[in-house]
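Got a few minutes to poke at a model together? Let's ask what earns each label its place.

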Amino acid sequence: SSTSSSGGSSGSGSGSGSGSGGTTSCSLIPEETAGPYPGDGSNSSGGSIANALALSGIVRADIRSSIAGASGTAAGVPLTVILDLVNTNASCADLSGYAVYLWHCDALGRYSMYSSGVTAENYLRGVQPSASDGTVTFTTIVPGCYAGRWPHMHFEVYRSTTTASSWTNKLRTSQLALPEDVCRTVYNGSSGYTGSLSNLNGVSLRSDNVFSDGVSTQLATVTGSLSEGYVARLTVG
């Protein structure tokens with residue numbers, strides 16, 4: 001029901017589905033760990049269940065600021081994330097009406113709701129429905145690189161925004177990898193990413209505990225510039 005495809009060093013690696021409904025070859029994205037900071041109701045932080053999915057306003061495109069009484073905003077280089085949801089069992093047809101919960105660390109490698117200094121924040125977490133063409137779009141920042149992990153984003157796919165209220169309803173969990181050249185440009189050119197460059201120098205896609213088995217379906221295509229911001233795109237089968 002799916003075919004594999006190869007990806008470039010800084011890019012497409014996401015199969016040949018484009019979210020346009022006109023392609024016939026795409027790959028099933030692998031199931032990955034949600035990690036220790038999912039905020040989807042599956043674990044606790046500070047003695048309480050951490051569930052951003054239950055927050056009022058969590059269905060939003062711009063995830064840079066906290067919601068539901070929290071007021072922090074994550075600073076960093078602007079990044080638009082576009083995920084193209086396609087059905088690997090139906091000639092890569094667009095999947096409209098689904099929902100994606102996306103989350104990632106801030107420029108300093110911290111996860112809201114969990115990390116010291118930002119436990120009261122819930123920024124860089126949000127849910128969006130897929131449009132008629134299968135696209136899901138978020139406005140966020142380029143994440144930092146913390147020790148031991150390649151720069152990445154987490155996401156869970158749900159059947160709808162209604163069911164995207166608890167991890168028990170998720171259909172799939174995976175991760176998106178960012179290309180090295182873009183990360184180096186950002187970490188070298190922006191003062192807000194303290195420690196990210198040295199952490200990046202200490203890890204590779206081959207040594208990363210999630211991406212070491214290959215990123216042919218998980219490495220996003222990224223365009224843009226440090227001055228104008230970036231756009232990352234990935235086809236999700």
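**Arg 149 and a sheet**

This is a predicted model, and Arg 149 sits in its loop between β7 (135-141) and β8 (152-158).

Q: Why is Arg 149 called buried?
A: Its relative accessible area comes to 9%. The cut-off for buried is under 20%, so Arg 149 gets that label.

Q: What makes the pairing of the Arg 149 and His 152 side chains a polar contact?
A: The two side chains are joined at 3.4 Å, and the limit for such a pair of N or O atoms is within 3.5 Å. So the Arg 149 and His 152 pair counts.

Q: Which polar contact joins the side chains of Arg 149 and Gln 175, and how do you know that it qualifies?
A: That one is 2.9 Å, set against the limit of within 3.5 Å, so it qualifies too.

Q: What else is Arg 149 in contact with, leaving aside neighbours within four places in sequence?
A: Besides Gln 175, there are Val 203, Asp 208, Asn 209, Val 210 and Phe 211.

Q: How do you know that β5 and β6 pair?
A: Strand β5 (residues 99-103) and β6 share 5 bridges in the antiparallel sense. Pairing takes at least two bridges, so these strands pair. One of the bridges links Tyr 101 to its partner Val 127 in β6.

Q: In what order do the strands of the open sheet run, and why are β6 and β9 called edge strands?
A: The 4 strands go β6-β5-β8-β9, with antiparallel pairing. As for β6 (125-129) and β9 (172-177), each pairs on one side only. From one strand to the next, the twist averages 25°.

Definitions and conventions
Residues numbered from 1 in each chain as written. Predicted model: local features only at pLDDT ≥ 70, side-chain atom pairs only at ≥ 80, totals over all residues. Heavy atoms only, no water. Helix = DSSP H or I, 4+ residues; strand = E, 2+ residues; numbered from the N terminus. Buried < 20%, exposed > 50% of the residue type's maximum accessible area, 1.4 Å probe, protein only. Polar contact = N/O pair within 3.5 Å; in protein donor to acceptor, adjacent residues only side chain to side chain. Contact = heavy atoms within 4.5 Å. Axes fitted to C-alpha atoms, helices over the stretch in contact; angles between N-to-C directions.
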